[in-house]
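Welcome! Have a look at the structure below, then work through the exercises at your own pace.

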Amino acid sequence: MKDDSRIQLLAGSMELEAAPMEPFSDEVIAFLAALSGRIRRLPRPEAGEELRALGFWLRQAHLTDLKEQYNRTRSLGLGIAFHIAPSNVPLMFLYSCAIGLLAGNSCRVRVSGRRTEECERVCGLIEELLSETPYTDMKKRICILSYDRSFSDLTERFSRECDARIIWGGDRTVEEIRKIPLRSSACEVAFPDRTSIAVLDAGAVLALDEDACKNLANRFYNDTYAMDQNACSCPRIVFWAESDEETGHRASERFWKAVAASAERYALSEIKVSRKYGALWEYAGTDAKIRHIRRFKNRLYVLEASDLAEGIAERPMQFGSFLEYHMKDKNDWIRAVTEKMQTLTYFGLCEEDLRTEVCRRRLRGVHRIVPIGQALFMDLTWDGKDLIQSLSRTIG
């Protein structure tokens with residue numbers, strides 16, 4: 001491939017090996033596990049919560065567990081996978097790349113020009129590893145690059161060359177890129193706009209001792225504030241299952257006070273405060289369905305809805321702003337589910353009961369049901385798609 005000054009190569013090689021590998025090859029697992037070790041040895045000031053979580057996800061024991069889950073024979077990757085990473089979840093590019101490698105592919109990953117220091121740091125670690133003798137063969141398997149999205153001809157070029165295209169982004173991004181053709185044998189996996197909710201049992205929250213309540217609040221913080229609520233799996237609205245109104249409001253008050261205490265460590269910049277405060281008054285001034293607003297300093301706003309207006313769970317909530325709704329029926333949360341609903345996090349409820357309800361009602365949305373604290377845990381099945389199966393082929 002000719003040099004192009006519009007492209008910034010962040011790690012790996014522009015020339016990729018097109019021949020597929022077997023999924024979960026020892027070579028790929030060894031490389032990713034070595035990268036995990038480098039990430040986990042970074043000093044804490046250089047590695048935030050998201051980067052430390054990535055390092056933990058890439059550790060060898062976890063990858064080996066994933067391999068055992070897939071324990072398939074006679075399968076190969078597709079060839080070259082072209083990943084278009086989102087800008088609002090900075091390290092998603094590496095999760096996507098790792099999954100593409102584990103599926104047996106070489107991976108070309110376009111990273112947004114709005115990169116964070118952690119993104120630059122982890123690309124530097126990848127470059128270091130690729131220069132070392134045990135991992136030099138992996139260099140032809142990885143290409144992490146950046147270019148302005150206006151250079152659609154580059155996206156066209158990489159789309160023509162790939163065997164699979166993976167798109168992470170909003171609906172508009174997915175629609176724009178889908179206009180760019182793939183060759184007839186290539187496949188595409190897209191992850192458009194999604195929204196998520198949390199359902200808590202009021203009685204279970206009130207039954208917690210102080211340490212357990214603090215732990216629950218910390219887990220909710222990790223599900224939301226860590227990404228400024230930008231990730232599709234971050235809950236935007238909390239539903240309360242309650243035996244009576246008083247129990248529900250007591251549980252709500254206790255929970256949100258604990259969340260506010262946990263949020264004291266949240267880095268709230270001036271621009272975030274401005275946008276958050278403006279959105280608050282926009283809701284207050286235009287939405288008759290909001291009957292009560294609570295502010296816990298600037299780090300937490302809670303807006304109580306009196307009714308479930310259409311699309312309520314899809315409203316943008318950021319920087320520590322949440323809707324809540326006290327359910328009159330334990331399954332009222334279903335009324336907020338649309339085809340855009342991705343993750344349901346819960347506390348004090350039975351996961352199997354929730355899953356049964358989704359299937360019984362034949363809901364078009366809800367792809368994941370996980371305990372509070374696991375909203376951002378990346379899995380090989382995402383948005384209901386088995387990514388290893390989607391990015392590989394079985395030799396029958």
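**Exercise 1: the largest cavity**

The largest cavity is lined by H83, S96, I99, G100, I166, W168, F191, L387 and L391. Keep in mind that this is a predicted model. Your task: find which element gives the largest share of this lining, and how the residues divide by type.

Solution. Start with the elements that give two or more residues to the lining of the largest cavity: they are α4 (92-102) and β6. Of the lining, α4 gives the largest share, 3 residues. Next, sort by type: 6 residues are nonpolar, 3 are polar and none is charged. Finally, the space in this cavity is about 40 Å³.

**Exercise 2: the second largest cavity**

Describe the lining of the second largest cavity by element and by type.

Solution. First list the lining: F31, L32, L35, L94, C97, L101, I126, I142 and I144. Then look for elements that give two or more residues to it; these are α1 (26-40), α4 and β5 (142-146). By type, the lining has 9 nonpolar residues, with no polar and no charged ones. About 30 Å³ of space lies inside.

**Exercise 3: the sheet**

Place β6 in its sheet and find what packs there.

Solution. Trace the open sheet of 6 strands, in the order β1-β5-β4-β3-β6-β7 with mixed pairing. Its edge strands are β1 (8-12) and β7 (187-191). Now zoom in: β3 (residues 80-84) and β6 (residues 164-168) pair in the parallel sense over 4 bridges, and F82 has R165 in β6 as its bridge partner. Last, helix α7 (residues 171-178) packs on the sheet, touching β3, β6 and β7.

Key. Residues are numbered from 1 along each chain as its sequence is written. This is a predicted model: local features need pLDDT of at least 70, side-chain atom pairs count only at pLDDT 80 or more; totals for chains, interfaces and linings use all residues. Side-chain values use heavy atoms; hydrogens and water are left out. Two strands pair if DSSP finds at least two bridges between them. Contact means heavy atoms within 4.5 Å. Axes are lines fitted to C-alpha atoms, for helices over the stretch in contact, and angles run from 0 to 180 degrees between N-to-C directions. On a 1 Å grid over the protein atoms alone, a cavity is a set of points where a 1.4 Å probe fits but cannot get out, and a pocket is an open set with protein on both sides within 12 Å along at least five of seven lines; lining residues have an atom within 4 Å of a point. Grid points are joined across faces, edges and corners, and a volume is the space filled by probe spheres set on the points. Ala, Val, Leu, Ile, Met, Phe, Trp, Tyr, Cys and Pro count as nonpolar, Asp, Glu, Lys and Arg as charged, and the others, Gly among them, as polar.
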